[in-house]
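This report describes the interior of one molecular structure and a few single positions in it. The sequence and the structure are shown first.

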Amino acid sequence: MEEVIRLHNINKSFRTAVRGTGLRASVRSLVHRETRSIHAVRDLDLSVDRGEVLAFIGPNGAGKSTTIKLITGILFPDSGDITVLGLDPHRRRRELAYRIGTVFGQKSQLWFHLPPLDSFHLLGNVYDVPPATLRQRIEELVEVFEIGDLLDQPVRKLSLGERIRCEMAASLIHHPEILFLDEPTIGLDVVVKSRIRDLIRDMNRRHNVTIFLTSHDVGDIEKLCKRAVVINHGQVVWNDTVKRLKYSLLNRRIIDVKTDGPLTIDQEGVRILKQGEYTAKLEVDLDRAPIEEVVPRLFRNAGIQDINISNIPTEEIISRIYEGSV
Amino acid sequence: MKLMRLFSHYVKLNLQSAMEYRAAFLTQVFGMILNNSAFIVFWLVLFRAVGDDIAGWGFTAVMFLWSITAFGFGLASVFLGNALYLSRIIYTGELDVYLLQPKPILPNVLWSRSIVSGWGDAAYGLVLFGLTQPLSVAGIAIFLGFGVALALVLTAIRVIYHSLTFYFGNAEDFATTAGELVILFSMYPGGVFDGPTMWLLHSVIPAALVAFIPAQLFASFDTTLLLAVLAADALIIAGAVIVFARGVRRYESGNRIGARL
């Protein structure tokens, strides 16, 4: 398998001002400013193969975005070696830019006041795509992402889901070999999330585009990725298949219930994490207790006023990996 | 060639973007023309009160300063508008978008935004020049050439001062003030300044290079002076390119949610 991304012993730190709260501290900091160094990434080693769909996950502030920015040439590392598609992203930033694409859920490359088609043409120009090729490429992307009706509407009038579809199309104008997706499904509803996942999968299968995905959404990881790399405090704490991660943690759900009296449940695979007089938090191991059995049982055993079923938060997955329970 | 194609694409897109709000576009353009015209009345009244000469500068010469400054300022606003927002682009992490594209970063950033009212300034500068100055081919060439030079040098000054954001976290107010000072000093007769102020106006706030000396060359052409001022302009522009490129190495990015306006 051809290695397309390789990071070896990467370190990156930022200096930040240390200041107390209140006016006095602010005035003091005018005269004497203390700073401290924050290690965003420490001794990071990572490799990604061509055609792979990699989940790169971790809690907020773990170093995910910093790592992507190091790989794409936005940030300079303090030390270590980075090679992407055989290029050093910092020395050959422009050369690399022709071969990678990015979708940052929080940052747009589309012009807010103009229709997406205008941005597509501009990006074609930015990436030196010949006009005839660009026309053909836009036609393909319009078909794949089903954005024909959106092309002539100003971006400001699009819904978030429509905008993300256009963002993804925009990031693919120049046929990138690697696509970096940073929280692509953030804020989207279930239906649109599922559509976006289908499109990502399709892109990977049809064109062998390597996908480097960061997400807090367990669904994205489960449904798209074969391998997961978990990062915390700038270091890799897990690097294995999603299948293994799934067997260990992703096959669990959290159920929060409000009841009209104390809840009792004795079922294999269901564990009470927290209990109050009228509330309870349960963890369900789906391998041992299918959700379709647990929920009716809860309704039979207690007067359920409200119920919420959710995935285990990424933060918890990380902490369990740290605790060694995986 | 490819860069020029990108430049013209940006011009077209910025114009389209501005036209999305036609009323705002027209109000800003004509509002700026009206605003600038008010100052001409002020200078007319002043010259009537004090006589034909202020520190060696007559009304026509002052109008040359006003026309070239408005024209150059307008060009900078229309074609290099993002220079004004450079600090914000740096400290909010918006620079990421440009770093991910296969084009030289600085022109790509500067071209990608246009300030609508700049069209009003540029048009006003041209009209004022046509109405108040003796017209000749050489004179028009000097005016247009130094109008472009003013736009480039003003942008370079903005780039240099805004690039301090790479080092100090936020130099927005300081850089904005520095840019405004260049414009402010450019519109007053050079003869009223002397000593250390004149040194400042030849260096850190280069109003002399972009306005006083072009006015001098317009009145009486001198090849040596022309070459000297062009060399000084080139030095400032090269300085901006270097300071920005070094700053980019210290760029820390950010995670603010943003849109391209």
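## Cores, a buried strand and two positions

In this predicted model, A:F212 touches A:I5, A:L46, A:V48, A:L54, A:F56, A:I68, A:I71, A:L179, A:F180 and A:L181, leaving aside residues up to four places away in sequence. A:F212 is also among the residues with the most contacts inside the largest nonpolar core, together with A:I5 and B:L95. That core has 162 residues. Helix α8 of chain B, residues 137–162, gives the most to this core, with twelve residues. Domain 1 (3–11 + 41–247) and domain 2 (251–323) of chain A each supply at least three residues to the core. A second, separate core has 14 residues, including A:V257, A:L263, A:L282 and A:V294.

Strand β3 of chain A covers residues 53–57. Five of its five residues are buried, so β3(A) is largely enclosed by the rest of the structure. In a regular strand, side chains alternate between the two faces of the sheet. Both faces of β3(A) are covered: A:V53, A:A55 and A:I57 are buried on one side, and A:L54 and A:F56 are buried on the other. Two of these residues, A:L54 and A:F56, are among the contacts of A:F212.

The table lists two strands that pair with β3(A).

| Partner strand | Residues | Sense | Bridges with β3(A) |
|---|---|---|---|
| β8(A) | residues 210–214 | parallel | three bridges |
| β9(A) | residues 227–232 | parallel | four bridges |

Within these pairings, A:A55 stands opposite A:L213 in β8(A), and A:L54 stands opposite A:R227 in β9(A).

Two single positions remain to be described. A:P130 lies in the loop between α4 (116–126) and α5 (131–145) of chain A. The relative accessible area of A:P130 is 45%, and the residue is partly exposed because this value falls between the cut-offs of 20% for buried and 50% for exposed. The C-alpha atoms of A:P130 and A:F145 are separated by 22 Å, and these residues are 15 apart along the chain.

B:N14 belongs to helix α1 of chain B, residues 2–19. With a relative accessible area of 8%, B:N14 is buried. Apart from neighbours within four places in sequence, B:N14 is in contact with A:W111 in chain A, and with B:W111, B:S112, B:R113 and B:S114 in chain B.

Methods
Residues numbered from 1 in each chain as written. Chains lettered and ligands numbered in written order. Predicted model: local features only at pLDDT ≥ 70, side-chain atom pairs only at ≥ 80, totals over all residues. Heavy atoms only, no water. Core = buried A, V, L, I, M, F, W, Y, C linked by side-chain atoms within 4.5 Å. Buried < 20%, exposed > 50% of the residue type's maximum accessible area, 1.4 Å probe, protein only. Helix = DSSP H or I, 4+ residues; strand = E, 2+ residues; numbered from the N terminus. Domains from an automatic or database assignment. Contact = heavy atoms within 4.5 Å. Pairing = 2+ DSSP bridges.
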